[in-house]
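The following note is offered to a colleague who is opening this entry for the first time. Its points are numbered for ease of reference.

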Amino acid sequence: MRAVLTEFLQEVRTAGISVSVAEGIDALRAAAAVGVERERLRAGLATAIVKDEADRPAFDEVFDRFFAATEAKERKRRRAIAAAGGLGAGGRGEATGKAERPREARSESLRASPAQQPAERTRRAPERAREVGRRLRRRALLSKPFRALGPLEAGELVALAEEFARRFRGRLRRRLGTARRRGRLDFRRTLRRSIARGGVPLELELRRRRPGRIDVIALCDVSGSVRHASDFFAALLGSLRDLLRSLRILVFVDHAIEATIEGGKLVPHAPVDVHTFSDFGQVLVEIERGDLAPFGRNTLLLVLGDARNNRRPPRADVLGRLRARVRAVWWLLPEESARWGTADSAIEAYRPHCDVLLECANGAGLLAALDRLGR
């Protein structure tokens, strides 16, 4: 039972509902207290896990999907027990014998019932094996460095982006839809509400601030060294588009070109020479001088690139001026931190102007980086 619940909690986290270690322990205790009856188990686990009612539909969806096979087995088990009880009733005088069987006999029948269904277990074995294979494959894709991915593996990773994005979609949705618990006292609303209770202010009304949606400008390096990371990044961003106030994407190698996300893929609005030498300094100058992206105090500037500038001027001063015009600058580097600042990497020049600098050498790292965006 513990192994099943541990796997269920992982599915809940994947759906975007955060579950701490303490809450996981509470869920195990709740399951032990309420038993395995479906609706009681649902209510017990929801009490331990769901902290916001807005997360309840996502929890119910995961619960129904995960325990669908278990429910079918439970129905078969009950029918087998009922059939065994019917055979044991010898006549009219024994009609209530099933209800009056001692606890030991009922426990024995519960233990014996799974053995009565070898055909069911055999039938579901290939399905379980395929599901285990899919999970292992997904884990392997997420842990493999972008620079080591082959074209087929990169396409497979992009195809799974929507499934991966559920984790931080739920978190970002909660952040946008839930008011902060603490705030200043709203005296007028408190008095107005107290009228229904004879003027006694039993419930205090607070001035709560809701975080607003942000504007995101994403600069994506599409040169050969980080192309797979940019494709996966774009597929993830595309799933967040409805949770952002605006999303502007610029792709670059040595020039900035506006692009859109269509079908989970980056589509530049002009030809991009992916075989030329990267020049992020020139890209920064073009962005500052042109009208490619509207910067504002509600704008988050996301840069995805390895900062390898082929020893050309990095123009970090331009990034500093752009930083003064936006809320924050996040730089996501799709290579191991041990390689930062080596050879033609100019990331150390850009580091002082970045609010967040994150290693995203593989799919798991990129998912973790965007997960922070939803907090």
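**Notes on the predicted model**

1. Trp331 and Tyr350 are both buried. The model in which they are found is a predicted one. The ring centres of Trp331 and Tyr350 are 5.0 Å apart and their planes lie at 20°, so this pair is stacked. The pair joins distant parts of the chain, since Trp331 belongs to strand β8 and Tyr350 to helix α14 (residues 347-350), with the two positions 19 residues apart. The stacked label follows because planes under 30 degrees apart are counted in that way.

2. The protein chain as a whole comprises 15 helices and 9 strands. Of its 375 residues, 42% are buried. Its accessible surface amounts to about 20,900 Å², and carbon and sulfur atoms contribute 53% of that area. Among contacts in the chain with a separation of 6 or more, 72% are between residues 24 or more positions apart.

3. An open sheet is built from 7 strands, which follow the order β6-β5-β4-β3-β7-β8-β9 with mixed pairing. Its edges are formed by β6 (265-268) and β9 (356-359), each of which pairs on one side only. From one strand to the next, the twist averages 25°.

4. The pairing at one edge may be examined in detail. Strand β5 (residues 256-262) and β6 are antiparallel and are joined over 4 bridges. Thr260 has Val267 in β6 as its bridge partner.

5. Which helix lies across β3 and β4? It is helix α11 (residues 227-239), and the strands that it crosses also include β5, β6, β7 (299-304) and β8 (328-333). Relative to β3 (215-221), helix α11 runs at about 160°.

6. Asn309 is located in the loop between β7 and α13 (316-323). Is this residue, Asn309, buried or exposed? Asn309 is buried, because its relative accessible area is 1%, and buried means under 20%. A polar atom of the Asn309 side chain lies 2.5 Å from the backbone nitrogen of Phe280. Beyond residues up to four places away in sequence, Asn309 touches Ser278, Asp279, Phe280, Gly281, Pro314, Asp344, Ala346 and Tyr350. Tyr350 in this list is the partner of Trp331 in the stacked pair.

7. Asp279, one of the residues that Asn309 touches, sits in the loop between β6 and α12 (280-289). Asp279 has a relative accessible area of 13% and is therefore buried. Its side chain reaches the backbone nitrogen of Gln282 at 3.1 Å. Apart from neighbours within four places in sequence, Asp279 is in contact with Val253, Asp254, Asn309, Arg312 and Pro313.

8. How many aromatic pairs are there? The count comes to 9 aromatic pairs. One of them is formed by Phe8 and Phe63, which meet edge-to-face with 5.9 Å from centre to centre and 90° between the planes. This pair, too, links distant parts of the chain: Phe8 lies in helix α1 (residues 2-14) and Phe63 in helix α4 (residues 56-66), 55 residues apart. Phe8 and Phe63 are both buried. Ring pairs also connect Phe8 and Phe63 with Phe59 and Phe66 in a cluster.

Definitions and conventions:
Residues numbered from 1 in each chain as written. Predicted model: local features only at pLDDT ≥ 70, side-chain atom pairs only at ≥ 80, totals over all residues. Heavy atoms only, no water. Pairing = 2+ DSSP bridges. Axes fitted to C-alpha atoms, helices over the stretch in contact; angles between N-to-C directions. Contact = heavy atoms within 4.5 Å. Buried < 20%, exposed > 50% of the residue type's maximum accessible area, 1.4 Å probe, protein only. Polar contact = N/O pair within 3.5 Å; in protein donor to acceptor, adjacent residues only side chain to side chain. Areas by Shrake-Rupley, 256 points an atom, 1.4 Å probe, with all protein chains shown as cover. Phe/Tyr/Trp six-rings, centres within 6.5 Å; stacked < 30°, edge-to-face > 60°.
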